[in-house]
Amino acid sequence: MKRLCLSMAMCVGLFFAACSDSSKKEGNATSADSKKVVEIKFAHVVSVNTPKGKAADFFAKRAEELSNGRIKVHVFPSAQLVDDDKVFQELKRNNVQMAAPSFSKFTPIAKEFNLWDVPFIFRDTDHLHKVMDGEVGQILKDVISSKGYIALEYWDAGFKQFSTNKKPIIVPSDAEGQKMRIMSSKVLEEQTKAIKAIPQVLPFGEVYSALQTGVVDAAENPLSNLYNSKFYEVQNSITMSNHGYLGYLVVASEKFWNELSPDLQDVVKQAIREATIYEREESEKEEVLLLQRLKENDKTGTAVYELTEEQKKQWQDLMIGIYPKFYDLVGKDLIEKTLNTK
């Protein structure tokens with residue numbers, strides 16, 4: 001009987017010793033996981049000194065601070081890692097964890113993103129941001145999420161302005177017969193045809209030489225593109241038309257996101273939100289600075305025209321008339337929600 005009791009006691013002792021050892025291993029694993037550094041590759045195609053480039057670096061710094069070093073973001077600017085035409089497949093493969101492609105890059109997978117090209121749909125920057133951060137912006141994010149990406153925040157590139165080396169484009173009739181460089185977009189083609197200009201689809205890298213040689217006469221760009229690419233050297237006038245808009249959507253790899261713990265997801269959301277506020281402020285400051293340079297620097301030799309309210313109304317009346325052509329592409333409801341955003 002004593003032998004039986006002794007045997008049972010030994011078994012019980014071994015059981016609790018095993019449980020204790022197992023508990024220690026699990027505790028060590030949990031501790032190790034909490035100390036593991038999450039590596040994020042953030043790819044974008046512009047230089048580090050642009051608002052988007054600065055904001056990507058700002059995000060990297062804040063994500064590391066907010067996570068107490070548990071997140072490390074490696075930013076790859078100027079298409080060093082991948083360009084925007086290939087970044088979506090790399091996000092799918094989780095070779096890239098985050099990116100900020102321009103809106104035009106989303107249109108092949110989400111036709112609703114053509115909304116951002118609709119001319120004169122945004123009254124001003126305040127209206128634009130209310131659209132982005134409100135119902136319409138969320139609808140568009142949901143479309144991207146349904147395609148297998150995590151849609152985070154919208155960043156600014158700026159409103160587009162007309163430039164030309166022929167007759168200054170002040171009212172719609174001034175554009176008649178001018179060869180206008182545009183991005184590949186059905187909306188932009190209709191916009192260009194509406195003012196009786198001739199749409200010419202060209203890659204951005206070819207625009208300077210095309211303007212210089214007369215392959216095209218005019219273009220539309222935010223001031224950052226126009227100034228930094230020195231289009232003022234081959235264009236003699238700029239019209240501050242604010243007729244269209246260029247922007248970016250910061251997205252993340254779905255696979256990467258699903259592997260993040262909820263607390264680190266919250267860290268990324270907070271860091272990217274702070275970076276968004278910073279990016280928009282930088283974009284606004286840059287536009288003021290570049291406009292001042294274009295007006296005051298004699299080396300540019302560029303005439304800058306501001307639209308009067310009457311001239312702007314001519315543009316708006318004409319462009320609103322072609323909105324029905326975009327209903328099948330963008331959606332009538334989405335266009336009306338945008339116009340009605342207060």
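Is Lys-166 buried, exposed or partly exposed? In this predicted model, Lys-166 counts as partly exposed, because its relative accessibility is 48% and the partly exposed class runs up to 50%.

## A salt bridge between two loops

The side chain of Lys-166 meets that of Asp-217 in a salt bridge, with an N to O distance of 3.9 Å. Lys-166 lies in the loop between strand 4 (149-164) and strand 5 (179-182), whereas Asp-217 belongs to the loop between helix 7 (207-213) and strand 7 (218-222), so the pair ties together parts that are 51 residues apart in sequence. Asp-217, unlike its partly exposed partner, is buried, with a relative accessible area of 4%.

## Other salt bridges

The count of salt bridges comes to 22. One of them joins the side chains of Lys-255 and Glu-259 at 2.8 Å, N to O; these residues are four apart in helix 9 (residues 254-259), and are therefore separated by about one helical turn. Lys-255 counts as partly exposed at 45% relative accessibility, while Glu-259, at 56%, counts as exposed.

Glu-306 and Lys-295 also meet through their side chains in a salt bridge, here at 3.2 Å, N to O. Since Glu-306 lies in strand 9 (residues 303-306) and Lys-295 in helix 10 (residues 262-296), the pair ties together parts that are 11 residues apart in sequence. Glu-306 is partly exposed, with a relative accessible area of 45%, and Lys-295 is likewise partly exposed at 45% relative accessibility. Elsewhere, Lys-61, Arg-62, Glu-65 and Glu-274 are joined into one network by salt bridges that share partners.

## A buried aspartate without a salt bridge

Asp-117 is found in the loop between strand 3 (98-99) and helix 4 (125-132). Asp-117 is buried yet has no salt bridge, and the nearest side chain of opposite charge, that of Lys-160, is 4.2 Å away; this separation falls outside the salt-bridge rule because that rule requires the nitrogen and oxygen to be within 4 Å.

A polar contact of 3.0 Å does, however, join the side chains of Asp-117 and Ser-185. Beyond its neighbours within four places in sequence, Asp-117 is in contact with several residues, among them Lys-160, Met-183, Val-187 and Tyr-245.

## Positive phi outside glycine

Most residues other than glycine have a negative phi. Ala-79, although not a glycine, has a positive phi of about 60°; its place is in the loop between strand 2 (71-76) and helix 3 (87-92), and at 33% relative accessibility it counts as partly exposed.

Lys-196, which is not a glycine either, has a positive phi of about 60°. Lys-196 lies in the loop between helix 6 (186-194) and strand 6 (198-201), and is exposed, with a relative accessible area of 55%.

Methods:
Residues are numbered from 1 along each chain as its sequence is written. This is a predicted model: local features need pLDDT of at least 70, side-chain atom pairs count only at pLDDT 80 or more; totals for chains, interfaces and linings use all residues. Side-chain values use heavy atoms; hydrogens and water are left out. Buried means under 20% relative accessible area, exposed over 50%, partly exposed in between (1.4 Å probe, protein chains only). Lys and Arg count as positive and Asp and Glu as negative; His and the chain ends are not counted. A polar contact is a pair of N or O atoms within 3.5 Å; within protein, one must be able to donate a hydrogen and the other to accept it, and residues adjacent in sequence count only if both atoms are side-chain atoms. Contact means heavy atoms within 4.5 Å.
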